[in-house]
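Biologist: Please show the model, so that we may discuss how its chains are built and how they meet.

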Number of protein chains: 4
Amino acid sequence: MAFGEKGGLRVPPLGRRLRLGFVGGGKGGLVGEWHAAGARLSNHWDIVAGALSSNPDNAAASARDWVIGPDRSYDDWPTMITAEAARADGIEAVVICTPNWTHFEIAEGFLRAGIDVILDKPMAISTEQADALVSLQQETGVVLAMTYPYTHHPMVRQARHMIADGAIGKIRQVHVEYAQDWATAPEDPGFKGAAWRRDPVKVGRASATGDIGTHAYHLLHTVTGLDVAELRADFHVCGAPKAMEDTAFVSLKLSNGAPGLLWLTQAAAGNYCALRLRVFGEAGSIEWDQERPEYLRVNMLDEPERIIVRGNGAGMHPAAERLVHLPRGHGEALTDAWGNLYAELGLVIAARRSGKTLAEGQAEYTDAKGGAAGVRFVGRCADSHEAGGVWLKLT
Amino acid sequence: MAFGEKGGLRVPPLGRRLRLGFVGGGKGGLVGEWHAAGARLSNHWDIVAGALSSNPDNAAASARDWVIGPDRSYDDWPTMITAEAARADGIEAVVICTPNWTHFEIAEGFLRAGIDVILDKPMAISTEQADALVSLQQETGVVLAMTYPYTHHPMVRQARHMIADGAIGKIRQVHVEYAQDWATAPEDPGFKGAAWRRDPVKVGRASATGDIGTHAYHLLHTVTGLDVAELRADFHVCGAPKAMEDTAFVSLKLSNGAPGLLWLTQAAAGNYCALRLRVFGEAGSIEWDQERPEYLRVNMLDEPERIIVRGNGAGMHPAAERLVHLPRGHGEALTDAWGNLYAELGLVIAARRSGKTLAEGQAEYTDAKGGAAGVRFVGRCADSHEAGGVWLKLT
Amino acid sequence: MAFGEKGGLRVPPLGRRLRLGFVGGGKGGLVGEWHAAGARLSNHWDIVAGALSSNPDNAAASARDWVIGPDRSYDDWPTMITAEAARADGIEAVVICTPNWTHFEIAEGFLRAGIDVILDKPMAISTEQADALVSLQQETGVVLAMTYPYTHHPMVRQARHMIADGAIGKIRQVHVEYAQDWATAPEDPGFKGAAWRRDPVKVGRASATGDIGTHAYHLLHTVTGLDVAELRADFHVCGAPKAMEDTAFVSLKLSNGAPGLLWLTQAAAGNYCALRLRVFGEAGSIEWDQERPEYLRVNMLDEPERIIVRGNGAGMHPAAERLVHLPRGHGEALTDAWGNLYAELGLVIAARRSGKTLAEGQAEYTDAKGGAAGVRFVGRCADSHEAGGVWLKLT
Amino acid sequence: MAFGEKGGLRVPPLGRRLRLGFVGGGKGGLVGEWHAAGARLSNHWDIVAGALSSNPDNAAASARDWVIGPDRSYDDWPTMITAEAARADGIEAVVICTPNWTHFEIAEGFLRAGIDVILDKPMAISTEQADALVSLQQETGVVLAMTYPYTHHPMVRQARHMIADGAIGKIRQVHVEYAQDWATAPEDPGFKGAAWRRDPVKVGRASATGDIGTHAYHLLHTVTGLDVAELRADFHVCGAPKAMEDTAFVSLKLSNGAPGLLWLTQAAAGNYCALRLRVFGEAGSIEWDQERPEYLRVNMLDEPERIIVRGNGAGMHPAAERLVHLPRGHGEALTDAWGNLYAELGLVIAARRSGKTLAEGQAEYTDAKGGAAGVRFVGRCADSHEAGGVWLKLT
């Protein structure tokens with residue numbers, strides 16, 4: 001089967017799976033298991049090495065759980081780079097899913113070692129760091145891919161391609177929101193990472209905005225194809241008292257002149273992972289809700305509402321059908337999106353390593369520039385807020 | 001049955017229905033039929049007189065349709081005042097549902113004649129007019145009631161009283177939106193009034209903001225019991241080109257310090273009467289959607305979501321049960337809310353006219369001050385927008 | 001405006017409202033208020049007389065609540081017939097909403113007096129009674145109309161006409177259910193009538209089947225245009241112990257050979273008025289749910305799902321648009337359906353009384369034969385159940 | 001981490017993954033990829049061998065796609081048994097996902113070879129075959145596990161344990177349906193297996209009933225803990241003409257005396273994988289819908305509706321929390337359920353092979369007797385239908 005052929009998303013093109021390592025992801029953390037699940041499901045990767053925790057006992061125990069041999073479970077990532085780079089069967093890519101403030105130096109280390117990098121968002125905690133990673137990626141030619149899983153949902157891909165094809169005409173306003181509830185009450189929300197997410201030293205100048213605002217911004221940009229030209233942000237603490245914002249209201253002027261609103265919060269009871277996008281064009285609208293990811297609500301003026309359900313045919317775009325694994329109604333959700341992400345990255349990295357070129361549309365992913373754009377968005381939100389909520393150009 | 005006793009909302013307390021006249025409401029208009037339906041359904045009113053249109057032929061034909069005798073169908077409202085005031089069986093109250101720019105002088109005329117006034121929103125097209133009507137109402141003692149039907153839905157009343165009773169704790173953020181689609185396409189939307197809604201001479205300094213923004217503001221205020229302390233507004237044209245805004249994004253600082261967002265638009269395909277309120281407190285949240293008015297979504301932290309369905313018992317508040325007419329599941333909707341509005345006003349006006357005093361909670365309605373608050377809100381939105389989107393105090 | 005012209009459903013064609021009386025409907029009952037609300041809302045009727053209760057005090061008090069003069073509040077229906085028939089301004093039609101076992105004799109009395117009859121379902125408690133009323137109606141020429149309000153919902157009308165026009169092709173299977181919860185617990189459900197609904201002397205050989213099964217059967221028949229050829233019924237008690245069935249499972253063979261299932265219950269917690277119809281054709285399907293009456297779910301094979309929302313245009317059938325009063329999204333529900341029923345009956349009865357003929361489609365209602373069909377359906381269900389669940393021909 | 005400890009579902013207890021082979025599952029088939037995805041996601045299995053297709057070219061190509069070495073890709077399953085049984089690193093379990101009529105002999109072969117068997121439903125095409133497999137399993141002590149993935153959804157597990165704990169009291173009626181649309185139109189639905197599903201030689205005496213009716217029966221039984229005592233079935237062809245039923249209506253008498261209805265169809269446009277269960281008890285009800293698998297709708301009499309959303313806490317049962325991988329709102333769906341199935345079977349098979357005993361509740365799965373019960377249910381449905389729809393005891 002050719003690289004990325006429809007129906008072949010889970011076929012590793014080199015006839016073997018690629019060797020993957022992890023930095024971070026150990027027991028007690030949140031997102032490591034999500035990455036690992038995506039990698040396994042994709043059939044493109046074997047997880048063979050890791051520095052899974054800065055705590056050596058946890059690192060070792062976590063490695064056992066993931067069936068990583070003790071010889072390839074490392075106490076720290078510099079050791080891992082040295083050891084893996086020296087092996088004939090060393091890892092071909094690394095997933096970095098450590099706390100934000102460590103992204104920069106770890107990514108830098110692996111890029112310099114020529115190991116492809118799969119980096120959890122946000123890319124870094126400052127625009128300077130992000131720009132430096134973009135430069136380093138360009139210099140080394142190594143893959144630096146960001147993990148924004150929501151844009152690997154088939155129905156997000158569907159929305160993106162419908163809009164690109166002009167289905168709803170020129171975009172006239174956009175509303176995106178990402179609401180959670182875990183920062184409402186003063187009690188510890190019960191996952192490692194809740195604490196550092198509120199520590200400016202560890203996350204930079206914004207908390208929730210970096211954590212979930214980047215997703216909302218990325219989704220808006222990916223689906224509409226528009227960038228944010230200017231923004232104005234107000235940060236708030238709407239949950240229990242804390243040192244950094246848990247909520248932000250951001251007004252947007254998009255690159256085509258249309259206005260937009262982005263609301264993010266971690267203090268809205270009854271919302272868990274409520275990432276919702278509504279795009280209004282001159283001819284119709286498209287809405288998607290991460291908590292009901294199988295459906296796209298499409299309204300063309302003066303027509304009945306259409307619900308496109310993930311599957312093959314019945315309104316699906318070929319670019320979205322590529323990501324479909326189960327028949328319509330046999331639910332796919334976030335784990336499947338992670339699987340798609342790791343499959344698309346499998347194609348991209350296998351192509352680079354084998355000197356092949358992927359054809360247009362065979363794999364979509366977020367590259368270093370996309371990662372830096374997210375960091376810049378967060379930084380400008382902080383700038384605007386600190387200046388009293390003034391309009392600022394994004395770039 | 002005592003005034004406003006539970007289950008007796010549709011019982012006219014004087015043993016007879018009150019005599020009601022209309023100014024406006026003739027054929028081709030939009031809201032007259034809604035008012036008339038509410039008045040009929042309530043069982044508190046007989047519609048006996050009217051100056052239903054500024055076009056005499058339409059006025060006469062419309063009167064025939066509503067079974068108003070030709071002797072009490074008037075060509076203009078001043079004549080109507082004179083004639084009705086002179087009759088022993090003259091009208092006891094008048095509904096004014098004419099275009100916005102005429103509200104002030106018509107209301108003034110009826111108030112001075114001692115006829116209770118039921119006035120469609122917005123109260124007037126300027127803060128000066130609104131304040132003058134408040135003064136006149138206080139001076140005359142005549143009832144001046146605004147018609148905000150959404151706050152007469154049982155589940156809105158439920159939300160209001162749950163919040164007042166502290167069900168979700170201190171309010172920490174509020175989101176309200178009112179989205180429609182009729183101003184998206186350049187084609188005439190097909191109802192009389194679409195044109196004047198975009199004419200600054202006729203609606204004042206704001207268009208959609210006065211039309212539907214007042215509803216959103218009123219709903220927010222009524223349900224939360226909070227006022228807007230400061231606001232910042234941006235007006236946009238997101239549908240076909242037009243002289244005035246069809247969309248506004250309004251940031252709010254509420255009177256308890258909580259932030260809020262109010263979005264209103266008439267250019268969002270797929271939205272018809274999408275008035276939605278989400279109130280987030282420190283202990284939980286409450287959401288209501290006008291397009292699914294029978295349900296209140298309540299989320300207390302760390303509990304399963306609760307859906308309270310309109311009816312008796314099963315979580316209903318006594319103050320909301322007063323408005324219930326049909327058993328749970330036997331749907332009530334906007335017509336029923338109009339019926340409640342006209343029943344509550346029937347109680348209020350019957351009480352004034354018979355010298356009775358309603359007990360606390362027997363009837364809730366929006367008075368002159370509430371009407372003026374809506375006009376002030378619209379005016380300050382226009383002020384803020386015109387000043388480039390600056391924060392302004394509401395009062 | 002001509003009889004039943006689009007947009008004119010609430011215009012009484014004779015230039016005046018018709019005079020309506022009630023037998024039953026007094027305080028403490030369930031459905032009287034629903035009928036009265038529909039009559040008032042329709043603008044076709046003035047409620048001027050009544051024998052509202054078999055209890056004279058209740059009758060008098062109820063008449064006061066409804067603003068019926070004491071001279072036209074009667075202690076019993078025979079007196080009412082005599083008195084009203086003798087008045088020049090006597091009632092032109094009567095609503096009979098008494099317990100089932102009294103329908104026959106009261107309807108007979110009014111029909112013989114030449115007063116048009118509006119009769120709550122089920123028509124009678126035996127097939128013999130029902131057939132006798134059909135004959136009497138034919139003999140007298142007086143209108144005998146049944147009140148099945150659900151088929152006066154615009155979206156039910158929409159479904160009926162789409163199917164008649166062939167939108168989903170030949171019907172291949174039909175599923176209808178009507179579920180409530182009030183008979184689950186042993187406690188009194190708190191409305192007058194709960195008791196007699198379980199008394200075979202008062203309701204005949206079936207309880208829930210007559211009460212709500214008739215609605216389900218009627219809806220199926222009205223929407224599909226198919227009749228039931230054969231049926232097989234099992235009665236059950238699924239709630240608290242009681243003398244008659246609260247649940248029935250009925251298998252159907254429809255007149256075109258398609259199979260169907262009808263489930264009715266009053267012992268299904270979480271269901272209030274859950275009347276749901278699903279019609280599957282060779283080309284697509286149509287679904288409607290009384291608890292969300294504004295929407296029709298339409299699925300054509302290999303197309304995205306379409307949601308038709310009540311309103312004008314956007315997929316609406318002209319025959320359904322006739323019943324539309326509020327713009328799309330401005331909710332209508334059961335009260336509006338009752339209003340439509342009373343408006344359509346207003347047209348029918350005004351036409352008969354003025355010697356006019358309504359054009360095809362100007363008003364749809366259920367006549368005496370339709371009422372008798374419902375009674376026959378209930379009777380055959382009882383026959384089948386009593387015979388151990390055997391297949392029986394309906395006629 | 002101990003066997004099956006909470007949060008440890010994806011931890012292989014022997015410190016290594018088990019070796020898994022497949023019979024069936026090659027390209028062009030439907031369910032093989034679903035099994036493989038579950039096995040990979042679970043982290044309990046390495047897929048190392050297969051006889052993936054009866055077509056040798058397809059078998060070889062499919063093995064390459066799955067990264068199975070050419071030396072362990074076999075042309076037929078007898079060769080696979082011989083070769084794998086001879087290897088020190090031979091497979092420890094086999095997945096059989098071939099067409100129904102081949103299940104018996106393949107399962108028999110692997111059981112006799114001492115290789116644990118994971119068998120797609122239905123177990124076999126006759127009760128005789130099924131009973132023979134039960135006996136063989138008992139004789140050999142080898143694991144024979146059926147794959148009913150829906151019962152590995154956390155919210156199905158939640159429903160099962162809530163009901164077992166008495167949350168809704170005694171069960172009084174049960175409704176289950178499984179509706180699809182692919183057999184509606186005469187066109188080929190486009191998946192291999194559509195043809196043999198309608199061939200009595202290959203599927204036995206029932207088609208859709210064996211295909212999806214088994215799932216519905218299994219779900220009902222698993223969640224309620226009740227068995228079917230008696231049933232009465234009618235088979236229908238509601239889609240394009242075909243040799244076997246695409247639809248069945250089955251009336252049930254459950255083991256506690258409660259009635260039930262089971263409807264299955266593959267000819268209901270707009271339904272894709274619409275497996276829905278509604279269980280009504282004397283105190284409340286529970287509903288689950290496979291197309292919205294994250295939610296459980298719970299209605300206790302006289303309380304607001306509760307929606308339990310998959311996650312930790314907020315109403316979740318510990319036995320369901322075991323299956324939770326992502327935080328509330330971060331969607332899990334069918335792939336995750338397959339992952340749970342393969343994780344639970346990983347625990348079961350690792351325990352058997354290491355001589356350990358799983359504690360109560362550490363892993364739930366459907367054993368040989370459960371598989372035979374499904375086959376018996378299908379057979380009795382066919383018996384009843386062929387006898388004209390008579391009541392028959394299930395056993």
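The questions and answers below concern confidence, domains, sheets and contacts between chains.

Modeller: This is a predicted model, in which local features need pLDDT of at least 70, side-chain atom pairs count only at pLDDT 80 or more, and totals for chains, interfaces and linings use all residues. Residues are numbered from 1 along each chain as its sequence is written, while chains are lettered from A and ligands numbered from 1 in the order in which they are written.

Biologist: What pLDDT does chain A average?

Modeller: The pLDDT is the predictor's confidence in each residue, from 0 to 100. For the complex, the predictor gives a pTM of 0.97 and an ipTM of 0.96. In chain A, 98% of the residues score at least 70, and the average pLDDT is 95.

Biologist: How many residues does domain 2 of chain A bring to its contact with domain 1 of chain A?

Modeller: The domain assignment, which is automatic or from a database, gives chain A domain 1 (18-150 + 347-364) and domain 2 (157-292 + 294-325 + 373-393). Their centres, taken over C-alpha atoms, are separated by 26 Å. Two residues are in contact if their C-beta atoms, placed from the backbone, lie within 7 Å. Domain 1 of chain A gives 17 residues to the contact, and domain 2 of chain A gives 21 residues.

Biologist: Which strands are at the edges of the five-stranded open sheet of chain D?

Modeller: Strands (E, at least two residues) and helices (H or I, at least four) are DSSP runs, numbered from the N terminus, and two strands pair if DSSP finds at least two bridges between them. The sheet of chain D has the order 2-1-3-4-5 with parallel pairing. Each edge strand pairs on one side only, and these are strand 2 (45-51) and strand 5 (144-147) of chain D.

Biologist: Which residue stands opposite D:Val23 in strand 3 of chain D?

Modeller: Strand 1 (residues 18-23) and strand 3 (residues 93-96) of chain D run parallel and are joined by four bridges. In strand 3 of chain D, the residue opposite D:Val23 is D:Ile96.

Biologist: What angle does the direction of helix 1 of chain D make with that of strand 2 of chain D?

Modeller: Axes are lines fitted to C-alpha atoms, for helices over the stretch in contact, and angles run from 0 to 180 degrees between N-to-C directions. Helix 1 (residues 32-42) of chain D packs on the sheet and touches strand 1, strand 2, strand 3 and strand 5 of chain D. The angle between the direction of this helix and that of strand 2 of chain D is about 150°.

Biologist: Which helix of chain D gives the most residues to the side that touches chain A?

Modeller: In this interface, 34 residues of chain D are in contact with 34 residues of chain A. Helix 1, helix 2 (56-65) and helix 10 (334-354) of chain D each supply at least two residues of that side of chain D. With five residues, the greatest contribution comes from helix 1 of chain D.

Biologist: By what rotation is chain D superposed on chain A?

Modeller: Copies are superposed by least squares on the C-alpha atoms of residues with pLDDT of at least 70 in both. For chain D and chain A the RMSD is 0.0 Å, and the shift along the axis is 0.0 Å. The two copies are thus related as by a two-fold rotation axis. The rotation is 180°.

Biologist: Which residue of chain B has the C-alpha nearest the axis that relates chain B to chain D?

Modeller: A turn of 180° and a shift of 0.0 Å along the axis lay chain B on chain D with an RMSD of 0.0 Å. In chain B, the C-alpha nearest this axis lies 2.3 Å from it and belongs to B:Arg306.

Biologist: Which residue is the bridge partner of B:Arg306 in strand 13 of chain D?

Modeller: Eleven residues of chain B are in contact with eleven residues of chain D. The copies meet through the same surface, because 100% of the interface residues of chain B are also interface residues in chain D. Strand 13 (residues 305-309) of chain B and strand 13 (residues 305-309) of chain D run antiparallel, joined by three bridges. The partner of B:Arg306 there is D:Arg306.
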